[in-house]
Amino acid sequence: MEALALERKAEQNRELKQRIAELKKERNAIILAHYYQRDEVQEVADFRGDSFLLAQKAAQTDAEVIVFCGVHFMGESAKILAPNKTVIIPDERAGCPMADMVNVEGLRALKRQHPNAKVVTYINSSAEIKAETDICCTSANAVKVIQSVDAEEIIWVPDKNLGDYVSKHTDKKMIIWEGYCNTHDMLTVKDVIEMKAQHPNAQFVVHPECRPEVVALGDFVGSTTAIIKYCKESDCQEFIVGTEDGTGYQLRMDSPNKTFHFATKFLVCPNMKVNNLKKIVRCMETMQPQIYVPPHVADKARLSLERMLQVK
């Protein structure tokens, strides 16, 4: 029975993939998928990447339609950078709890308390927050962005764990918002120590959205893209991975002969996983749900994103 069910699922997936290929041609569409998406979603994507790479691709594409397989704020970033494109997402319920942990009123109040500070916002945030921001960053370029800012005081939103990591690499005064990524924050020192005992030859690679005491145990600390690159180029054959488990797809593609153990089975973002092939087909057939960002918000938010893209 189980074999039959798997065969039926595989056949259904083949049909859905074929339909997606047809719709891409019809709509002049490209599919962007974040590294945390399900494997089958990453398989049909034209580009896989982290928030930063996908924002760049959205800004550069000639396609008329962008199908964004990620969470809502990523679709917003694409729409802000490509205002003349139609941006659709497979499921608009794909939110981000960390992005919801910061609000405009609170950020404005903090700006009033620190009038000389510049606001640096992690790209994992809403368009409204980006509109209140001097410059955005990602985990890949956060340190470079902080160094590029002409201010000694930085208001950092919304991720306190990434903020803590960045603060160790700059002399600037960091005023850090108390948000965090539910998924990365679940990983504990106990989890890592247990995994290291089970896999003594493995290196621990970790995302700076994890807790500071977990990051401190890392053999390598970096963004999702940096982790993937490091594992691909490293001589080490075995890794304990401290980031979302969707990353396993690209890690296995790049290094089929290497072994990857996720540091805990809880490194799964439920919001990233709501997208699937059926929903991609449906959103491309109906051209809904579309991402809309009010022009007055988009214009301000675009400045903070474009400044980020200019940092070398």
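**Exercise 1. Find the buried residues of helix H3 and say how they are arranged.**

Solution. Step 1: list them. In helix H3, Ser51, Phe52, Leu54, Ala55 and Ala58 are buried. Buried means under 20% relative accessible area, exposed means over 50%, and partly exposed lies in between (1.4 Å probe, protein chains only). Helices (H or I, at least four residues) and strands (E, at least two) are DSSP runs, numbered from the N terminus.

The model is predicted: local features need pLDDT of at least 70, side-chain atom pairs count only at pLDDT 80 or more, and totals for chains, interfaces and linings use all residues. Residues are numbered from 1 along each chain as its sequence is written, and side-chain values use heavy atoms, with hydrogens and water left out.

Step 2: place them around the axis. These residues cover an arc of only 170 degrees, so they sit on the same side of H3. The arc is that of the directions from the helix axis to the C-beta atoms.

Step 3: name the cover. It includes S1, S2, S3, helix H4 (72-81) and helix H15 (295-310). H3 spans residues 51-60 and lies across S1, S2 and S3, at about 145 degrees to S2. Contact means heavy atoms within 4.5 Å. Axes are lines fitted to C-alpha atoms, for helices over the stretch in contact, and angles run from 0 to 180 degrees between N-to-C directions.

**Exercise 2. Work out the strand order of the sheet that contains S1.**

Solution. Step 1: read the order. Four strands make an open sheet, S2-S1-S3-S4, with parallel pairing. Two strands pair if DSSP finds at least two bridges between them.

Step 2: find the edges. Strand S2 (47-49) and strand S4 (86-88) are the edge strands, and each pairs on one side only. The twist averages 20 degrees from one strand to the next.

Step 3: check one pair. Strand S1 (residues 29-34) and strand S3 (residues 65-69) are parallel and share five bridges. Isoleucine 31 stands opposite valine 67 in S3.

**Exercise 3. Do the same for the sheet that contains S5, then add its helices.**

Solution. Step 1: read the order. The strands of this open sheet run S6-S5-S7-S8, again four in number, and the pairing is parallel. Strand S6 (135-137) and strand S8 (173-176) each have a single partner strand, so one side of each lacks a neighbour in the sheet. Neighbouring strands are turned by 30 degrees against each other on average, direction ignored.

Step 2: check one pair. Strand S5 (residues 118-122) and S6 are parallel, joined by three bridges. Tyrosine 122 has cysteine 137 in S6 as its bridge partner.

Step 3: add the helices. Helix H5 (residues 104-113) packs on the sheet and touches S5, S7 and S8; its direction makes about 170 degrees with that of S7. H8 also touches S5, S7 and S8, and its direction makes about 175 degrees with that of S8.

**Exercise 4. Locate the largest pocket and the largest cavity, and name what lines them.**

Solution. Step 1: fix the terms. On a 1 Å grid over the protein atoms alone, a cavity is a set of points where a 1.4 Å probe fits but cannot get out; a pocket is an open set with protein on both sides within 12 Å along at least five of seven lines; lining residues have an atom within 4 Å of a point. Grid points are joined across faces, edges and corners, and a volume is the space filled by probe spheres set on the points.

Step 2: take the pocket. The largest pocket has a volume of about 350 Å³. Its lining has 31 residues, and the closest to its centre are Tyr36, Asn124, Cys181, Glu209 and Met272. Helix H9 (182-185) gives the largest share of the lining, three residues.

Step 3: take the cavity. The whole structure holds one cavity of 30 Å³ or more. Ser51, Ala55, Phe68, Met74, Ser77, Ala78 and Ile123 line the largest cavity. H3 and H4 are the elements that give two or more residues. H4 has the largest share, three residues.

**Exercise 5. Spot the unusual backbone geometry.**

Solution. Step 1: recall the rule. Most residues other than glycine have a negative phi, and most peptide bonds are trans.

Step 2: find the cis bonds. One joins valine 157 and proline 158, with omega about -10 degrees. Another joins glutamine 288 and proline 289, with omega about -10 degrees.

Step 3: find positive phi. Asparagine 28 has phi near 50 degrees and is partly exposed at 33% relative accessible area. Methionine 287 has phi near 60 degrees and counts as buried at 16% relative accessibility. Methionine 287 lies in the loop between H14 and H15.
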